[in-house]
Amino acid sequence: MRTLIILAVALVATGCTRVSLDHHLNNAYRAYNEGDCAQVALELSQAERKSRSRSYLQPEISLLRGQCLERESLFVDAAQTYQFIITRYPASEYAYRARARLQTLEQLGHHSPAPAAKASPAAL
């Protein structure tokens, strides 16, 4: 009986966290549609705190953050956010979207890709 109660409490706590996380993500998307990037940043920050055990949500959160940075003309920060997604989650749908955003920034002249590292021998 005691085990059943503990299990029930754990399930309820997990469900509440997920509902709260979804609520913050929904509010972030709503604020983005309204053009309120300050509110987006707040909601995404709260969503990140709730999603620590759900790392699969990080690329979605980061992509929305990058889009908001773009909207605020913080192109370097947006590009770095997109690069983070591509590096950390290369096979995700969000990495594909991040690559597309980087290409768009390049075409608009807001971002130039970093030159490839050049190897040279050490000086004697």
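## Buried and exposed faces of H4

In helix H4 of this predicted model, the residues Phe 75, Ala 78, Ala 79, Thr 81, Tyr 82, Ile 85 and Ile 86 are buried (under 20% relative accessible area with a 1.4 Å probe and protein chains only, where exposed means over 50% and partly exposed lies in between). They cover an arc of only 160° around the axis, which puts them on the same side of H4, the arc being that of the directions from the helix axis to the C-beta atoms. Val 76, Gln 80, Thr 87 and Arg 88, on the other side of H4, are exposed.

Among what covers the buried residues of H4 are helix H3 (58–71) and helix H5 (93–107).

## Aromatic pair and charge over a ring

One aromatic pair is present in the structure, with pairing requiring ring centres of Phe, Tyr or Trp (its six-membered ring) within 6.5 Å, and planes under 30 degrees apart counted as stacked, over 60 as edge-to-face and the rest as tilted. Phe 84 and Tyr 89 form this pair in an edge-to-face arrangement, at 6.3 Å centre to centre and with 80° between the planes. Phe 84 is partly exposed at a relative accessible area of 33%, whereas Tyr 89 is buried at 16%.

Arg 71 lies over the face of Tyr 32, at 3.9 Å from the ring centre (NZ of Lys or CZ of Arg within 6 Å of the centre and within 35 degrees of the ring normal).

## Basis of the values

Residues are numbered from 1 along each chain as its sequence is written, and side-chain values use heavy atoms, without hydrogens and water. Local features need pLDDT of at least 70 and side-chain atom pairs count only at pLDDT 80 or more, while totals for chains, interfaces and linings use all residues.

Key:
Helices (H or I, at least four residues) and strands (E, at least two) are DSSP runs, numbered from the N terminus. Contact means heavy atoms within 4.5 Å.
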